[in-house]
Amino acid sequence: MTAGVPAAPPPARWATIRRLLEPRGAEIRQAARLLVSVLLSDLLARAVHLHEPVWSVITSVIVTQSRITQTLTTGRDQIVGTLVGAGAGLFAILLVQTGTMPGWLAFWLALTPLALLAAARPNLRFAAVTLMIVLLFPISGDPFLRPLDRIASILIGVVTSLVVTMFVLHDAARGDVLTASGRLIADIADLLDRALRGELDHDTIETIDEACRTHLQEIYGAVAETRVEGLRVLRRRPDPLLDVLPGLLRRLRGSAVFAARAATEAGELPTVDAALDAERRALARVLSQLSRRCARAARGRRLIAREDAAAVLAVLHPPGPYWSPPMQFTLGMLHDDLERAVRAVWSDGAALPYSEVNKSGG
């Protein structure tokens, strides 16, 4: 420590640590889940007096993923593969014990169909792994008891991983949806601003659109996560905003790309300078507020009166005759989709979805 410079008080140090760790929150939560899963699987395997709890620990490391949906998929594949591989391994042991064939031949006889199965169904690749665990590692005592012990260890590791991933430090999927939504909207805002400035060509629009599609994939993945975390799939408690938001943003992205292409290819931008500047500013303002609202909502649910959404949308005006017919159509479609998205986010999903708006003539 430098002489004469006082040490930061503990609260200040903790605040600094929190600021450093906050951007890595997801990674820290995943590391904690993995450690808890490994510890619990080892303790549980030892509690039921399994001889080789190491297989439970290894399975926990394999199965515990950052998302519940990924863990469920990996766990399902591990359970099915374990049962199939265990059946093949016990059959090979039976062949060896009855003197039908030597061990090496029984192993290859069992492995060959599992290899073909894994080639046709990659999700069953764990069957061959289980077969190797059952047959290739030294066994002492009862030739059937120790393989069953290993299979039990693997299943304990799977179940422990599923439980830990479901319930330990995992309640941020809704925030992930809204965070990705904010990023998507920010990219849409950048796309439209640059297109209306005449700075984009077809290839650049495609590049930006690719990033938008990536954000949409993140949104749909996080929405699927919200439907299973904490066993919400059993409680059937819908989230109105998440039910409509992905579709609304998909439509908004499509109409924004359509408008950007029309503005770039129409060749009319220099002839509508005043209208162009007003439209660009209005879209930038609404999209910026929508993106910030999603970012705020990602940190906690807070209802806002629907009238606030009307105030945000007041800057948008129907495209007038100074635009060409194609631009009038594309901008009108963009305004409609943007209005639906704003009303849905500001009302936390209580605003009418697209299909119901159409039915009501809105």
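What percentage of the 362 residues of the chain count as buried? Here 43% do, buried being under 20% relative accessible area with a 1.4 Å probe and protein chains only, exposed over 50%, and partly exposed in between.

This is a predicted model, in which local features need pLDDT of at least 70 and side-chain atom pairs count only at pLDDT 80 or more, while totals for chains, interfaces and linings use all residues. Residues are numbered from 1 along each chain as its sequence is written, and side-chain values use heavy atoms, with hydrogens and water left out.

**View 1. The whole chain, made with 15 helices and zero strands.** Helices (H or I, at least four residues) and strands (E, at least two) are DSSP runs, numbered from the N terminus. Take the contacts (heavy atoms within 4.5 Å) between residues at least 6 apart in sequence: 78% of them join residues at least 24 apart. The accessible surface adds up to about 19100 Å², and carbon and sulfur atoms own 63% of that; areas come from the Shrake-Rupley method with a 1.4 Å probe, and for residues only the protein chains shown count as cover.

**View 2. Trp55 and Phe137, one of three aromatic pairs in the structure.** With ring centres 4.9 Å apart and planes at 70 degrees, Trp55 and Phe137 make an edge-to-face pair. For the bookkeeping, rings of Phe, Tyr and Trp (its six-membered ring) pair if their centres lie within 6.5 Å; planes under 30 degrees apart are stacked, over 60 edge-to-face, and the rest tilted. Trp55 sits in helix α3 (residues 54–63) and Phe137 in the loop between α6 (126–135) and α7 (145–167), so the pair ties together parts 82 residues apart in sequence. Trp55 is buried at 11% relative accessible area, whereas Phe137, at 38%, is partly exposed.

**View 3. Phe107 and Trp108, another edge-to-face aromatic pair.** These two rings are 5.5 Å apart centre to centre, with 75 degrees between their planes. Phe107 counts as buried, with a relative accessibility of 10%.

**View 4. Ser41 and its surroundings in helix α2 (residues 25–47).** Ser41 is buried, at 0% relative accessibility. Leaving out residues up to four places away in sequence, Ser41 touches Ser56, Val57, Ser60, Ile156, Gly157 and Thr160. Its side chain also reaches the backbone oxygen of Val38, at 2.9 Å. For Ser41 and Ile154, the C-alpha to C-alpha distance is 9.5 Å, with their positions 113 residues apart in sequence.

Key: Polar contact = N/O pair within 3.5 Å; in protein donor to acceptor, adjacent residues only side chain to side chain.
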